[in-house]
Amino acid sequence: MTTTVERKNVEGASTAPESLTVVSNKKVTAVRVEHLDAWYGQHHAISGITFDIPASAVTAVIGPSGCGKSTLVRCLNRMHEVTPGAYARGGVFIGDTDVYSPYADPVAVRSMVGMVFQKANPFPMMSVYDNVAAGPRLRGWKLSRRQTDELVERNLRRAALWDEVKDKLHRSGAALSGGQQQRLCIARALATDPSVLLMDEPCSALDPIATYRIEELIDELARGVTIVVVTHNMQQASRVSEHTAFMLAGDDGVGRLVEFGRTEDLFTAPKDDRTEAYITGRFG
Amino acid sequence: MTVGSRTLVLATIPERHRVTSRRRVVERLIVSLLALATLASVALLLIILGYVVAQGLPAINVDFFTQRPRPVGEVGGGVQPALVGTLVLAAVSGVIAIPVGIAAAIFVVEYRTGRFATPVRFAAELIAGLPSIVIGVFVWAFLVRGLIGHFAALAGAVSLAVIMVPIVARTVEEVLRLVPNSLREAALALGAPRWKVIMRVVLPTARAGVITAAVLALARSAGETAPLLLTALGNDFFSTDLLRPIGALPLQIYRYAVSPYDDWHTKAWGASLVLVLVIGAIGLLLRVVARQRVN
Amino acid sequence: MLVPLTLAAIALLIVIDSWPSLSRFGLSYFTTSVWDPVHLVFGAAAYVYGTIVTTLVAVVLATPVALGASIFLTEFAPRRIRGPVAYLIEILAYIPSIVYGLWAIFVMVPVMRDRVEPALQGSLGKVPVIGQLFSGTPVGLDLLSGGVVLAIMILPILTAVSREVLLAVPPTQREAMIGLGATRWEAVSLAVLPYARPGIIGGIVLGVARAFGETMAVTMVVGNSSRDISGSLFVPGYTMASAIANQFVEADSELYFSAIVEVALLLLLVAIVVNTIARYLIRRSIADRPQGAVV
């Protein structure tokens with residue numbers, strides 16, 4: 001059921017992800033997921049997830065509530081296991097890195113992957129500036145004052161926030177509007193130069209205008225970063241992504257990947273009946 | 001799943017994202033320090049309780065509970081007057097403090113409107129935060145020096161009551177708030193007057209919590225010493241006269257502890273053991289009751 | 001029934017106030033340390049000094065331990081032991097202060113005198129500026145011991161408040177840090193602790209309030225003899241509360257009495273102020289944090 005995509009050339013972005021390509025094919029996969037299962041204690045949340053996430057593109061994960069889409073995405077950067085009693089089994093490969101290898105350090109994995117959460121969570125005790133600089137400082141990157149200034153500006157620009165906050169860099173991170181806060185969180189995640197950016201329903205708490213701005217942003221960002229967006233809004237998925245994964249919880253309560261393919265194809269000519277049912281609004 | 005050695009796997013992670021060993025070491029170090037602090041705190045408790053038990057047990061015998069103290073320097077005797085005194089003081093202070101505390105809590109919760117609610121609450125919290133010796137001075141000035149004229153059990157009871165009222169009020173307030181409003185509204189809708197609703201519906205529902213509050217406050221007052229120094233003074237003879245000085249366990253412990261006699265020291269430990277056991281038993285009982293209510 | 005509560009609070013203030021007005025040495029009361037019952041000259045500077053010193057020692061000693069334990073119990077400890085261990089530490093708060101005093105005088109003081117203080121003198125006593133703190137013959141019954149006993153007594157409060165405050169930090173903060181690639185400790189120190197800081201400070205202030213007012217345990221180990229304000233911790237001294245407890249019953253003249261009551265008045269005022277600040281800080285931290293706080 002997986003379709004790997006033909007993607008145009010990756011631009012010479014500084015964050016070109018490691019790729020697992022066969023040179024002649026021009027297939028570039030950023031993240032390979034193989035038979036991923038996850039549990040919350042006794043509850044089996046997702047099972048057998050297998051697909052490839054293409055690089056420098058936006059992949060959406062959609063499905064009705066409870067299908068496990070957030071769980072899936074949180075497994076990609078090992079955030080899932082932060083919940084007490086939660087664990088995952090399977091293969092996730094980001095570039096050459098075997099994320100679930102017993103030797104892998106979850107802290108390093110989370111370093112490699114950026115994450116934006118459903119509700120914007122900037123650090124209120126830190127200024128806008130410090131919020132963006134938090135990631136690099138955490139990793140101990142040695143940066144001069146000027147380099148940090150540049151890094152902050154660069155990432156605020158990438159998040160389309162610079163103009164609005166350039167005079168307010170030293171105000172608290174929480175002193176912004178909801179949409180601005182979320183863009184701040186995006187800037188914060190980008191500042192660490194991740195190869196993959198995960199976004200868990202980033203717009204669900206925002207008004208339509210803020211949502212629109214972030215969707216525009218996602219489109220631009222995808223040129224340099226691989227993006228995975230979880231969304232319950234199908235229209236958003238179709239606007240924003242090149243590929244879409246559709247998940248559904250079975251009668252046993254376990255979420256599975258029903259279909260994965262190019263967004264256009266999935267929405268106009270879905271291969272699976274269940275996908276069609278969801279898209280046409282018959283449930284969910 | 002790739003099987004590879006540690007270094008191989010870690011090497012796949014881009015350098016800028018690797019976790020430095022410094023960060024790992026700091027993490028481990030700090031977590032051990034934190035664990036140490038926790039251990040120290042628990043150890044402290046065990047050490048103190050251990051000594052109380054070990055030093056206090058030798059003092060416990062029948063005489064301890066039934067006899068009054070021997071003259072200075074003589075071995076033997078007991079702390080019976082102090083025990084009796086503690087019970088008397090608890091009873092009297094309870095009679096004063098519990099109704100007042102409940103009334104205050106009712107006032108704050110049920111009659112929320114009115115300018116009096118906030119000051120009452122504020123005043124209660126204020127008193128709760130006062131050093132017990134200051135309360136002792138106040139009661140001394142008011143009763144010992146003023147109304148009664150000399151040291152008396154009643155003054156001691158009043159000072160304990162002053163300490164207890166905020167505790168009772170605070171706990172009862174919480175309990176009252178837990179009573180669902182629907183109950184009150186149903187009763188009011190039936191035409192019952194406010195006070196009846198409180199007496200017949202709200203209080204009975206909250207009964208267990210109110211009892212808990214009362215017992216908690218009593219346990220707390222059983223251990224108070226400072227105010228009693230200035231009000232009840234202490235008595236080596238059996239007495240239940242409210243207008244005479246009266247003994248109390250904490251007072252006895254203090255006197256014996258600062259004395260130069262070993263026998264008295266042992267008795268001080270013994271009395272402490274009794275105090276701790278009683279308070280501990282009350283605490284455990286309350287917990288058990290609380291758990292039962294939840295089930 | 002309801003108004004007496006408020007009235008009592010106010011009465012408390014007024015009555016205590018009126019008596020010391022009998023003796024008005026003015027501001028010099030607070031600056032002189034001469035305390036001569038015979039010649040009727042009183043200055044409470046030594047008591048204030050002693051209170052400040054012991055409270056400071058208590059806070060310096062107790063805060064790291066309490067904070068460490070509370071962080072460990074909310075972030076790092078295995079889930080199953082968190083509740084029970086926290087409960088164990090809370091139990092410390094229910095031990096009556098007289099029992100602490102007893103334990104301190106017979107167990108802690110000898111250890112201080114024979115082991116701890118000489119050790120401190122031998123090590124830190126050599127350091128230029130701080131060394132002053134540890135000069136003089138180790139006596140055991142001194143300001144340091146008073147401070148240590150207070151530290152043990154405020155430990156449970158500090159731990160309990162810190163725990164509550166830490167648990168009130170929204171989990172999304174920690175989550176954001178971890179998502180950025182932080183280790184558990186880094187997440188705590190960079191995201192959780194700063195968020196919880198006002199509440200923790202409130203807890204410390206509450207501990208200070210408790211330390212100020214503590215009477216019995218301190219009285220038994222602080223020495224109650226010298227009134228010199230030297231720079232050393234190894235010197236016996238008084239705290240305001242212990243001075244009142246010790247001398248109240250002995251005071252034989254009008255002036256003597258009122259001088260002591262004035263100490264009580266001071267204690268009262270300080271207690272009110274400190275308590276109010278503490279509760280305000282804690283309340284603000286446990287309720288929803290106001291958004292948009294400017295850094």
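Which residue of strand 8 of chain A does A:M199 stand opposite? In this predicted model, A:M199 stands opposite A:V229 in strand 8 of chain A, and the close-up views below begin with the strands around this pair.

**View 1. Strand 7 of chain A and the strands that pair with it.** Strand 7 of chain A, which spans residues 196-200, is joined by five bridges to strand 8, residues 226-230 of chain A, and the two strands run parallel. Strand 7 of chain A also pairs with strand 6 of chain A, residues 113-116, again in the parallel sense, here over four bridges. In that second pairing, A:M115 is the residue that stands opposite A:L198 of strand 7. The connection from strand 7 to strand 8 of chain A passes through helix 7, residues 208-221, and the three elements together make a right-handed β-α-β unit.

**View 2. The two faces of strand 7 of chain A.** In a regular strand, side chains alternate between the two faces of the sheet. In strand 7 of chain A, one side carries A:V196, A:L198 and A:D200 while the other carries A:L197 and A:M199, and every one of these residues is buried, which leaves both faces covered. The strand as a whole is accordingly described as mostly covered, with five of its five residues buried. For the chain that holds this strand, 52% of the 284 residues of chain A count as buried.

**View 3. Two residues of chain A with positive phi.** A:E201 is found in the loop between strand 7 and helix 7 of chain A, and its phi is near 45°, a positive value in a residue other than glycine. A:E201 has 20 other C-beta atoms within 10 Å and therefore counts as buried, the cut-off being 20 or more. A:H35 likewise is a residue other than glycine with a positive phi, in this case near 50°, but its place is in strand 1 of chain A, residues 29-40. A:H35 has 12 other C-beta atoms within 10 Å and so counts as exposed, since the cut-off for that class is 12 or fewer. The chain that contains these two residues has ten helices and ten strands, and among its contacts between residues at least 6 apart in sequence, 68% join residues at least 24 apart.

**View 4. The helical chain B.** Chain B has 13 helices and zero strands, and its radius of gyration is 27 Å, well over the 19 Å that the globule rule gives for 295 residues, so chain B is more spread out than a compact globule. Taken along the principal axes, the C-alpha atoms of chain B fill a box of roughly 85 × 70 × 35 Å. Buried residues make up 45% of the 295 residues in chain B, and among contacts in this chain between residues at least 6 apart in sequence, 72% join residues at least 24 apart. The mean pLDDT of chain B is 81, with 93% of its residues reaching 70 or more; confidence is lowest in helix 5 of chain B, at a mean of 72, and highest in helix 2 of chain B, at 92.

**View 5. The surroundings of B:L233.** B:L233 is found in the loop between helix 11 and helix 12 of chain B. With 21 other C-beta atoms within 10 Å, B:L233 is buried, because the cut-off is 20 or more. Leaving aside neighbours within four places in sequence, B:L233 is in contact with B:F151 and B:P245. By contrast, the C-alpha atoms of B:L233 and B:V19, which are 214 residues apart along the chain, are separated by 66 Å.

**View 6. The sides of chain B that touch chains C and A.** Where chain B meets chain C, 57 residues of chain B are in contact with 59 residues of chain C. Helices of chain B that each supply at least two residues of this side include helix 4 (80-110), helix 6 (132-147) and helix 13 (262-294). The largest share, 17 residues, comes from helix 2 of chain B. By class, this side of chain B divides into 45 nonpolar, nine polar and three charged residues. Where chain B meets chain A, 14 residues of chain B are in contact with 18 residues of chain A, and the side of chain B that touches chain A has six nonpolar, five polar and three charged residues.

Methods
Residues are numbered from 1 along each chain as its sequence is written. Chains are lettered from A and ligands numbered from 1 in the order in which they are written. This is a predicted model: local features need pLDDT of at least 70, side-chain atom pairs count only at pLDDT 80 or more; totals for chains, interfaces and linings use all residues. Two residues are in contact if their C-beta atoms, placed from the backbone, lie within 7 Å. Ala, Val, Leu, Ile, Met, Phe, Trp, Tyr, Cys and Pro count as nonpolar, Asp, Glu, Lys and Arg as charged, and the others, Gly among them, as polar. Two strands pair if DSSP finds at least two bridges between them. A crossover is right-handed if, with the strands pointing away from the viewer, the path from the first strand over the helix to the second runs clockwise. The radius of gyration is taken over C-alpha atoms; the globule rule is 2.2 Å times the number of residues to the power 0.38. pLDDT is the predictor's confidence in each residue, from 0 to 100.
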